[in-house]
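Reader: I should be grateful for a close look at the salt bridges within helices of this model. Please treat the participating side chains together with their accessibility.

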Amino acid sequence: MARVLTSRAEDFPRWYQDLIAKAKLADNGPVRGTMVIRPAGYAIWERMQAEMDARIKAAGAENAYFPLFIPESYLKREAEHVEGFSPELAVVTHGGGKQLAEPVVVRPTSETVIGEFMAKWIDSYRDLPLLLNQWANVVRWELRPRIFLRTSEFLWQEGHTAHATREDARAYARRILHEAYEDLMVNVLGIPVVVGLKTARERFAGATATYTCEGMMGDGKALQLGTSHELGQNFAKAFDISYSSAEGGREHAWTTSWGTSTRMLGGLIMCHGDDNGLRVPPKLAPIQAYVMIVKDGEGVGEAAAKLRDALRDAGVRVALDDRTDTAFGRRAVDAELRGYPVRVEVGPRDLAAGNAVVVRRTDGSKAPVAVADVVGAVLAALEADQQALHDQALAFRQSRTVEVGTLAEAIEAAATGWAKVPWSAVGVQGEAEANGQGVTVRCLLRADGSVPDSEDEPDLVAVLARAY
């Protein structure tokens, strides 16, 4: 396999690009910074979508759709917001062969346009909370693009909600953070995340608080996998999102926004991948079991088809590879690259002994299993390997995380992993100094690991790292 992929230890960025290409996950688009997501990659994204969508709906939000184009004037109504996104905006000045009366922006995010319609739809406290989500594409013009991690156009979900009180808005932003984002990342993607509060310097433009899920990648760097924002009344005042209270007064609403994107695919690759390719957690995998005919004849095809059907009947997402005109070794390498959790190899020799070979992608183990026991063996492997991938990632993160007492020590530790340091030893000035050396404060935590309400709380812990 070393001839197929660059070793992670040798050149991690090159390994990442090699894996995406060789596993046929995505390709670069014709415009710099864009990407084409190939069927193998999109199938994983669809599974992420389905799992995330179910969690968002369980939290009470409903899906809607808002326009791709936003009047430039909308963004200018919330000054901090437009300032934060200005360098990344794609602006359309001509349409239909004519110059537009007002330029329109290709959405970088939709707080402004959704705020406009929230103001239209909300009149009374009875209309609250208004809980919306949309699945869409957005554009942020990237100077240093990398497939899945930073592209000029990417796919995501963005939630936007309006509430009667600050407390309700904060509770909902945190509900999404934990019940949708953290739960999906830990229990489906198998990525152990640190959940915390962003500093004011790292906060979303226009927000009053930003909460984040941070994962450690295989090279020790951090990746922000999802964020949830309290927007206070900033957008409500800019767009007059107001309501008649039960007491008869007119009040501005409190709003939130939150999003996850195809960046999760990049995180999946860099967290779980190895020198043989991708390793997809079984709960996420579009194909959980891959039944492969080693060599046809002597009843092999019929036996393989029966195993496929039995696995499907047991609730396993399964596919059959009967392409015996392609060398088995090449097909096996492709299956490794794509990270199918379990392979069931059926050949004449093993079948004659009443067996098939069960291969587990997580640890590379191979074992002959009686045909009658294959379904049970596959189900057990899927359950065990879902946990194993999470546990391996957690052990790696713990091994690359150190607790230090000074900013200098934290910056030094960030060369190979994460550092936990008292926030009081960093502060705003120290954060700027760290940024100058390519290190960022990923998030702030309370001493017990819980998420703080404000960076002004005493005894907070800062997590510092280099990041994607």
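Author: The following account takes up the salt bridges, helix by helix, and then turns to a neighbouring topic, the pairing of two strands.

The model is a predicted one, and 25 salt bridges are found in it. Side chains of opposite charge can pair when their charged atoms come close.

Helix H2, which spans residues 39-58, supplies two such pairs. In one of them, the side chains of Arg55 and Glu51 form a salt bridge with an N to O distance of 2.8 Å. These two residues are separated by about one helical turn, because they stand 4 residues apart in H2. Both Arg55 and Glu51 are buried.

The other pair in H2 joins Asp53 to Lys57, whose closest N and O atoms are 2.8 Å apart. Here too the spacing is 4 residues, about one turn of the helix. The accessibility of the partners may be stated for each in turn. Asp53 has a relative accessible area of 15% and is therefore buried, since the limit for that class is under 20%. Lys57, by contrast, has a relative accessibility of 46%, so that residue counts as partly exposed. This salt bridge thus links a buried acidic side chain to a partly exposed basic one.

Helix H6, covering residues 166-187, holds Arg175 and Glu179 at a spacing of 4 residues, which means that about one helical turn separates them. A salt bridge connects Arg175 and Glu179, with 3.0 Å between the closest N and O atoms. Arg175 is partly exposed at 32% relative accessible area, and Glu179 is likewise partly exposed at 44%. Elsewhere, salt bridges with shared partners bring Arg170, Arg174, Glu230, Arg446, Asp453 and Glu457 together in one network.

The strand pairing remains to be described. Strand E15 (residues 289-293) runs parallel to strand E16 (residues 318-321), and 4 bridges connect the two. Within this pairing, Ala289 lies opposite Val318 of E16. Helix H9, made up of residues 300-313, joins with E15 and E16 in a β-α-β unit of right-handed sense. In a regular strand the side chains alternate between the two faces of the sheet.

To return to the request, the pairs described in helices H2 and H6 include Arg55 with Glu51, Asp53 with Lys57 and Arg175 with Glu179. Among these residues, Arg55 and Glu51 are both buried, whereas Arg175 and Glu179 are each partly exposed.

Methods. Residues numbered from 1 in each chain as written. Predicted model: local features only at pLDDT ≥ 70, side-chain atom pairs only at ≥ 80, totals over all residues. Heavy atoms only, no water. Pairing = 2+ DSSP bridges. Right-handed = clockwise from strand over helix to strand, strands pointing away. Salt bridge = Lys/Arg side-chain N within 4 Å of Asp/Glu carboxyl O. Buried < 20%, exposed > 50% of the residue type's maximum accessible area, 1.4 Å probe, protein only.
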